[in-house]
Amino acid sequence: MSTGADILDDLRWRGLIAQTTDEDDLRAHLDEGPVTVYCGFDPTAPSLHFGNLVQLIVLRRLQAAGHKVICLVGGSTGLIGDPKPTAERVLKTKDQTGANVARIKELVRPFLDFDGSNAAILVDNLDWTAPMSALDFLRDIGQHFRVNQMIRKDAVAARLNSEVGISYTEFSYQILQALDFLHLFRTHGCTLQTGGQDQWGNLTAGVDLIHRVEGAAAHVLTTPLLTDEAGNKFGKSEGNAVWLSADMTSPYAFYQYWINIPDSEVAKLLRVFTDRTPEDIAELEMVTLQTPHLRLAQRALAADVTTLVHGEHATEQADTASQVLFGKAEPAALDADTLRDATAELPGADVQPGATVVEALVQIGLAESRGAARRLIGEGGVSVNNVKVTEVEAVLQEADFLHGATALLRRGRKHLAAARKAL
């Protein structure tokens, strides 16, 4: 098992520490190890996202260092909602929350080892919160909280100073999260909680509760908010969140997000999200400076993170799709889902099998007229599925529509469109 200095120094080098309750005490505590640590994930959506991935990476590293990890899915806290600084959350129904809990439990499994002598534990806080009566909650837990301290929490203070105010429901969220830490301390000996730095107030509420009720010490470690040089949060793609569920952000779109990371940011994200060594990352930084057009650091980042989240096959397909779109690989190598995802944003039109390539070029907008289309073919500037068209009267056959759905038409090197099989 790694020492406390080893794991904390590694986390700090990787940019994964924003705050700790007392770093010297935490180092000593980790040295005594193994320590039991938990992180909570609220089911406010049917998927986890970029920010949750950071927390899963921290748990993964702590488990690899020999510590015991607990992954908590918030079946109860998800029904309440962590206060946002600007407005009250729209509460999910119990059925919606339950469905989200089930999906998230499956999502976290690939990131942690749930077998063997140091198996991770997966829990749902609804299991210990639901049986508790309101009177028991107020008497046994509520008595340990002081309102004057609770209103100092950043999100709560922001809401109290706004026109919308804050409901008692959301105001109570920090008590529920503190109860989780106390319960896991009692049942699993959990003494460390991790989370994002914007959760500092909620996390330290649990430390305070354990100290008040049990007279024991506990610790908190938070990760920084990941932003680019302009201060914009990572984890958005064209204004949309980057989700970990394949049905919300496709593996191809997920891979492309990482491929498009700017050169100035790629080394930072390699440290955060991959297991690559300092030497490996330093080499990739040098390659980026010398040959930025190859985007080798971005390709390494995309491959590592996509494999972690979606598996090797999805990574291979996403990489092949990228090569296909640049005319460097055979489209037939793509499975139906990847072909659909990779061509979803391409210009195009519905085309009937049996239409001539000339007709298709005009229909999908790659040529202004049939005469122009014929000239393009005659000059060798047209391909179907990355195979050059040599006959002016060539016809799109049924087999040209890959997976019975799409044929890729290219004009020159840069202009690509999708002929989608007309139904």
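This passage describes the overall build, the nonpolar cores, one open sheet, one helix and selected residues of a predicted protein model.

Because the model is predicted, local features are reported where pLDDT is at least 70 and side-chain atom pairs count only at pLDDT 80 or more, whereas totals for chains, interfaces and linings use all residues. Residues are numbered from 1 along each chain as its sequence is written, and side-chain values rest on heavy atoms, with hydrogens and water left out.

The protein contains 20 helices and 13 strands, where helices (H or I, at least four residues) and strands (E, at least two) are DSSP runs numbered from the N terminus. Its C-alpha trace spans about 85 × 45 × 45 Å along the principal axes. Of the 423 residues in the protein, 49% are buried; in this usage, buried means under 20% relative accessible area, exposed over 50%, and partly exposed in between, with a 1.4 Å probe and protein chains only. The protein exposes about 20100 Å², of which carbon and sulfur atoms supply 50%, the areas coming from the Shrake-Rupley method with a 1.4 Å probe, and for residues only the protein chains shown count as cover. Among contacts (heavy atoms within 4.5 Å) with a separation of 6 or more, 71% join residues 24 or more positions apart.

The largest nonpolar core, defined as a set of buried Ala, Val, Leu, Ile, Met, Phe, Trp, Tyr and Cys residues joined through side-chain atoms within 4.5 Å, has 60 residues, and those with the most contacts inside it are Leu-53, Trp-258 and Phe-273. Helix H3 (residues 50–64) gives the largest share of this core, eight residues. When residues up to four places away in sequence are not counted, Phe-273 touches Phe-50, Leu-53, Val-54, Ile-57, Leu-226, Trp-258 and Val-305. Apart from this core lies another, of 30 residues, among them Ile-175, Phe-185, Leu-209 and Ala-218. Val-54 is also touched by Thr-223, a residue of strand S6 (residues 219–223) that is buried, with a relative accessible area of 2%; other residues that Thr-223 touches include Leu-16, Ala-18, Gln-55, Val-58 and Gly-195.

Five strands form an open sheet in the order S9-S13-S12-S10-S11, with mixed pairing, two strands being taken as paired if DSSP finds at least two bridges between them. Strand S9 (348–351) and strand S11 (387–388) stand at the edges with a single partner strand each, so one side of each is left without a neighbour in the sheet. S9 runs parallel to S13, to which four bridges join it, and Val-351 stands opposite Lys-421 in S13. The side chains of S9 alternate, in that Ala-349 and Val-351 point to one face and are buried, while Gly-348 and Asp-350 point to the other and are not. At the other edge, strand S10 (residues 382–384) pairs with S11 in the antiparallel sense over two bridges, and Val-387 in S11 is the bridge partner of Val-384. The loop between S10 and S11 holds Asn-385, which is buried, with a relative accessible area of 9%. Not counting residues up to four places away in sequence, Asn-385 touches Glu-330, Pro-331, Asp-400, Leu-402, Ala-407 and Leu-408.

Helix H17 (residues 312–325) has 14 residues and reaches 20 Å from its first C-alpha to its last, close to the 20 Å expected, the expected span being 1.5 Å times one less than the number of residues. Buried residues in H17 are Ala-314, Thr-315, Gln-317, Ala-318, Ala-321, Ser-322, Val-324 and Leu-325. These buried residues pack against helix H13 (251–259), helix H16 (296–310) and helix H18 (336–343), as well as strand S12 (406–411) and strand S13 (415–421). Gly-327, whose phi is positive, near 80°, follows H17.

A search of the whole structure finds zero disulfides, a disulfide being a pair of cysteine sulfur atoms within 2.5 Å. For Cys-39 the nearest cysteine sulfur, that of Cys-71, is 7.2 Å away, too far for a bond. Cys-39 is buried at a relative accessible area of 2%, and Cys-71 is buried at 0% relative accessibility. By contrast, Val-147, in helix H8 (residues 147–150), counts as exposed at 52% relative accessibility.
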